[in-house]
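Trainee: I have just opened this model and would like to get to know it. Could we go through it together?

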Amino acid sequence: MPRDLVAKVLKSSQPGSTVDVRGWVRTKRESKGGFAFLEVNDGSCFGNVQVVVDGKLPGYETWIKEITTGASVAILGEVVESPGKGQRVEVRANEVRVLGTADSATYPLQKKGHSYEFLREKAHLRPRTNTFGAMARVRNALCDAIHRFFQDRGFLYVHTPIITTSDCEGAGQLFQVTTLDIAKLASGGRESSGSTSPVDYAHDFFGKKAGLTVSGQLEAEIFACAVGDVYTFGPTFRAENSNTTRHLSEFWMVEPEMPFYELEDDMDLAESFVRTIIKDVLNRCPDDLAFFNERIEPTLLESLHHIVEHDFIRLTYTEAIEILLKSGQTFEYPVSWGTDLQSEHERYLTEQHFKQPVILTDYPRQIKSFYMRCNDDSKTVRAMDVLVPRIGEIIGGSQREERHDLLVSRMQECGLNPEDYWWYLELRQYGTVPHAGFGLGLERTLQLMTGMHNIRDCIPFPRAPKTADF
Ligand code: 4AD
Ligand code: MG
């Protein structure tokens, strides 16, 4: 018999029906009247089901001792109306089996209220806590909403490679992928054939220097310029030594790419995307989000509804710099035209000045990637970043440079060798079209959705500098 999910029991099981509930004990309470009360959770929803165990059940004295916080149990019982507040039904056990004990002297989650730092070291157990169970369900609902948004609009889901030989952002943040013997190289034993470079990548696995992708955009452009609207959604990797609450070395990114789109169309899609996926998750995960609102961020639900219900503010980078200069604020990083915005500046704009999400456009070309379309002022590019309260940037995007010769000179300006990007340039030689796209960081979106302060708590197994446990 398949088991009955706690979510289903709590929501729709009728009193009188028999259920087979399996899960992990969150708490056990023994009452004087010869009963025990177990709170059992199976992860199918935020809530636990209360199981009432009669002390007269066979063997009770023996197995009730084995049931402690963390133990796994299988309960066969009857659904009854609950006399308690806050729950519709509970389960009266007819048969209890202990599947696995959890020694209370050593079980790391015996007590509640551990710090997030402690829980990060227990990544194998933290999904059993309220916070990380809720995070897993919200993450799942968010991914589903993302796919649904694009599928409903006829976008094709394209899988772009994880191992690549091109650096999309041109920032040199690729993790290298190699089968060369690094220890041998370090000790002077050449893997090379005597060229001036200490390493001859012709001898490496792929015959050239390869790495883990920082973005699927360039390959998404190939498909956008062939089959129409597409999106990629997968892991991306950045060897950036940023120890912040907003950076991971491995994170998931959603990247739509649309032919015949200009920057305004790109912004319209990005705004509608963010508002739609938040609305979907609000509808799908009310209990989990209520928990985050109560325990993590008291303005969470209000701020999410605000985002869903209001248009984003749109302004240029230049206008934003003027606002920041006039703000009278002392920032850790001083602002001037031409510098990249820091999180403190993005948060000032979204939290204090506008009090809602903002889309900034037309950034200085020297701080943006080579592929962004140049404006006629020759100073700025058709970039757009979506900034939100509490986080700052969650989306980076642009209209792409579709003019071959301008693209070549931009690559040179950015210190890239156009020959390395020959195939990307051919898209501009054969049937070039205006096109645009953007990338949304999944874990930053989860920070926004849950109010969790540290991005490392928004991915099951965080990777960051000096952090790759499990
Ligand atoms: O702004 P980014 O670097 O843009 C791109 O990679 C473009 N190729 C996207 C495109 O146009 N198709 O990154 C996009 C988003 C950021 O706005 C942020 O949400 C997230 O990816 N992001 C990170 N999230 C976590 N940790 C990091 N180290 C991140 N770097 C970027
Ligand atoms: Mg960016």
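Trainee: How many salt bridges does the rule find across the interface of domain 1 and domain 2?
Mentor: Keep in mind that this is a predicted model. A salt bridge needs a side-chain nitrogen of Lys or Arg within 4 Å of a carboxyl oxygen of Asp or Glu. Across the interface of domain 1 and domain 2, the number found by that rule is zero.

Trainee: How much area do domain 1 and domain 2 bury between them?
Mentor: Let's place the two parts: domain 1 covers 6-100, and domain 2 covers 130-174 + 213-457. Of the area they bury between them, 52% is on carbon and sulfur atoms, and the total is about 450 Å².

Trainee: Which residues in domain 1 lose the most area to domain 2?
Mentor: Good one to look up in the viewer! The contact takes six residues from domain 2 and five residues from domain 1. On the domain 1 side, 89% of what is buried comes from three names together: Arg26, Gly43 and Phe46.

Trainee: Which helix gives the largest share of the nonpolar patch?
Mentor: The patch lies on the surface, has about 320 Å², and is made by Leu156, Ile222, Phe223 and Val227. Three residues of it come from one helix, spanning residues 217-227, and that is helix α6.

Trainee: Is Phe223 buried, partly exposed or exposed?
Mentor: Phe223 is found in helix α6. Buried means under 20% relative accessible area and exposed means over 50%, with partly exposed in between. Phe223 has a relative accessible area of 40%, so the word for Phe223 is partly exposed.

Technical notes:
Residues are numbered from 1 along each chain as its sequence is written. Chains are lettered from A and ligands numbered from 1 in the order in which they are written. This is a predicted model: local features need pLDDT of at least 70, side-chain atom pairs count only at pLDDT 80 or more; totals for chains, interfaces and linings use all residues. Side-chain values use heavy atoms; hydrogens and water are left out. Patches are made of residues with over 30% relative accessible area and no salt bridge: like charges are joined within 9 Å, nonpolar side chains (Val, Leu, Ile, Met, Phe, Trp, Tyr) within 5 Å. Accessible areas come from the Shrake-Rupley method with a 1.4 Å probe; for residues, only the protein chains shown count as cover. Helices (H or I, at least four residues) and strands (E, at least two) are DSSP runs, numbered from the N terminus. Buried means under 20% relative accessible area, exposed over 50%, partly exposed in between (1.4 Å probe, protein chains only). Domain bounds come from an automatic or database domain assignment. Contact means heavy atoms within 4.5 Å. Buried area is the accessible area (1.4 Å probe) that two parts lose on being put together, summed over both.
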